[in-house]
Amino acid sequence: MQTLTGLDTAALTNIVKSIGQPAYRGKQLADSIYTQRVRSIDEITTLPVALRQSLSETYTIGSCTVIGKQEAVDGTIKYLLSFNDGEVVETVFLPYENRTSICISSQVGCPMGCSFCATGTEGLVRNLTTAEIIDQLLIVQALQPEKRISHVVMMGMGEPLLNLPNVIEALTLMANEMGLSWRHLTVSTVGVIPAIEKLAQMDLPLTLAVSLHAPTDDLRDELVPLNRKHNIARLMQACSEYVYQTNRRLTFEYVLLAGVNDRDEDAHALGKLLAKQPLCALNTIPYNSTDVEAAYKRPQSASTRRFRDIVASYGVTVTQRQERGQKIAAACGQLKRSALRSGHSLIPLQMLKADA
Ligand code: SAH
Ligand code: SF4
């Protein structure tokens with residue numbers, strides 16, 4: 001069986017034409033998948049029964065199912081999704097006052113091994129397909145029909161730029177078939193330079209976020225092993241070129257780890273580094289952990305404020321990520337890891353209401 005999810009209107013039209021149907025049936029199929037978000041061919045009542053039957057012989061719709069969820073009091077919902085081969089990723093639904101966002105995954109696991117990241121500890125299992133990337137949005141939107149998801153951030157599990165063709169194909173479907181604005185589609189990378197260069201050439205109006213986490217190579221080598229290959233100077237050069245090429249703002253992300261990368265000297269070095277970068281902003285993210293044995297600590301809010309003020313004194317725009325769903329293992333990879341660690345089968349993970 002193949003899934004129709006992940007195919008655009010043109011490809012769906014070719015399928016219906018190949019079984020002797022008029023071209024407009026392709027558009028009806030695309031509308032059912034991407035606008036009405038049906039989860040089975042049987043539900044597409046606009047199509048004749050015979051066509052539904054013939055499509056069902058070869059095709060299905062959708063590529064994942066929900067196997068667990070955790071809901072926080074602020075409305076954040078973290079879903080555990082399972083694909084056909086049993087692999088699992090996390091997807092987070094984030095309702096804000098003025099918009100609704102979703103954080104989606106690009107890979108099962110991640111090969112980058114950043115020292116503070118729960119996803120990094122499991123290594124790479126595999127890339128997600130185009131269908132599996134967009135289906136995270138489709139299934140969550142189907143479960144939350146009253147809130148239109150307008151923003152997508154690729155900040156879930158995995159390194160999107162190591163799965164660039166599928167990521168771009170999925171984002172293109174979100175823009176072209178679902179009507180999301182490219183500007184509201186954010187790709188977060190740990191700094192895969194050749195892929196940043198490729199992305200610059202594509203010149204898409206998406207939003208790029210680069211996970212920096214340290215202002216010096218010594219420290220970044222320790223936190224982000226990729227830095228030993230792609231150092232900060234080369235990364236900054238690639239980011240500048242990206243900005244010149246696309247004329248788009250770029251955000252640097254910085255997870256604050258108490259006593260490790262949030263010292264005054266780090267803030268000064270970061271301020272100096274980013275002051276030289278064109279059209280950039282810094283987004284700080286206080287470290288999140290539900291693991292009591294974690295090697296890192298989350299800094300106090302007074303020290304994160306001090307860090308931000310020092311960086312801002314160099315003329316850099318600094319924002320702090322709005323913290324959501326902290327009580328529900330909010331950082332990527334944490335729900336999956338805690339579910340696996342607890343030794344229970346992931347199916348079914350009971351719904352946990354986070355304490356107030
Ligand atoms: N691989 C990409 C995208 C996924 S990670 C990247 O690294 O950018 C998305 C963001 O979550 C990154 O900025 C990452 O540093 C951050 N993150 C990972 N683990 C975290 C944790 N325990 N607490 C806070 N942020 C974390
Ligand atoms: Fe991978 Fe991003 Fe986690 Fe690093 S922070 S291990 S790149 S998911």
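The legends below describe close-up views of a predicted model.

**Figure 1. Domain 1 and domain 2 of the chain.**
The domain assignment places residues 2-60 in domain 1 and residues 64-354 in domain 2. Their C-alpha centres are separated by 33 Å. Domain 1 gives 12 residues to the contact, and domain 2 gives 12 residues.

**Figure 2. The surroundings of ligand 1.**
The shell around ligand 1 holds 20 residues, and the closest are G158, S188, S211, H213 and N288. A polar side-chain atom of S188 is 2.7 Å from an oxygen atom of the ligand. Two residues approach nitrogen atoms of ligand 1: N288 through a backbone N or O atom at 2.9 Å, and E159 through a polar side-chain atom at 3.2 Å. Taken alone, ligand 1 exposes 530 Å², of which the protein buries 95%. Strands β10 (185-189) and β12 (250-256) are the elements that contribute two or more residues to this shell. By residue class, the shell consists of 10 nonpolar, 8 polar and 2 charged residues.

**Figure 3. The surroundings of ligand 2.**
The residues around ligand 2 are C110, M112, G113, C114, C117, G120, G158 and V190. Of these, 5 are nonpolar and 3 are polar, with no charged residue in the shell. G158 is part of this shell and is also listed among the closest residues to ligand 1.

**Figure 4. T130 in helix α4.**
T130 belongs to helix α4, which covers residues 130-143. Its relative accessible area is 7%, so T130 is buried. The side chains of T130 and E169 form a polar contact of 2.6 Å. Beyond neighbours within four places in sequence, T130 is in contact with G6, N166, E169, A170 and L173. E169 thus appears both in the contact list of T130 and as its polar partner.

**Figure 5. S150 in the loop after helix α4.**
S150 is located in the loop between α4 and β9 (151-154). The residue counts as buried because its relative accessibility is 14%. With residues up to four places away in sequence left out, S150 touches R99, T100, L180 and H184. One of these, L180, is 30 residues from S150 along the chain, yet the two C-alpha atoms are 6.2 Å apart.

**Figure 6. R52 in helix α3.**
R52 sits in helix α3, residues 49-58. With a relative accessible area of 15%, this arginine is under the 20% limit and is therefore buried. A polar atom of the R52 side chain lies 3.1 Å from the backbone oxygen of I44. Apart from neighbours within four places in sequence, the contacts of R52 are I41, D42, I44, T45 and L47. For the pair R52 and D42, a sequence separation of 10 residues goes with a C-alpha to C-alpha distance of 6.3 Å.

**Figure 7. T76 in the loop between β3 and β4.**
The loop that holds T76 runs between β3 (64-71) and β4 (77-83). T76 has a relative accessible area of 1% and is therefore buried. Its side chain makes a polar contact of 2.7 Å with the side chain of D74.

**Figure 8. R37, a residue with positive phi.**
Most residues other than glycine have a negative phi. R37 has a positive phi, near 55 degrees. This arginine lies in the loop between α2 (24-34) and α3. Is R37 buried or partly exposed? R37 is partly exposed, because its relative accessible area is 22% and the limit for buried is under 20%.

**Figure 9. L279, a second view of positive phi.**
Phi of L279 is also positive, near 40 degrees, in a residue other than glycine. L279 is placed in the loop between α9 (264-275) and β13 (280-286). A relative accessible area of 36% makes L279 partly exposed.

Terms used. Residues numbered from 1 in each chain as written. Chains lettered and ligands numbered in written order. Predicted model: local features only at pLDDT ≥ 70, side-chain atom pairs only at ≥ 80, totals over all residues. Heavy atoms only, no water. Near = heavy atom within 4 Å. Nonpolar A, V, L, I, M, F, W, Y, C, P; charged D, E, K, R; others polar. Helix = DSSP H or I, 4+ residues; strand = E, 2+ residues; numbered from the N terminus. Buried < 20%, exposed > 50% of the residue type's maximum accessible area, 1.4 Å probe, protein only. Polar contact = N/O pair within 3.5 Å; in protein donor to acceptor, adjacent residues only side chain to side chain. Contact = heavy atoms within 4.5 Å. Areas by Shrake-Rupley, 256 points an atom, 1.4 Å probe, with all protein chains shown as cover. Domains from an automatic or database assignment.
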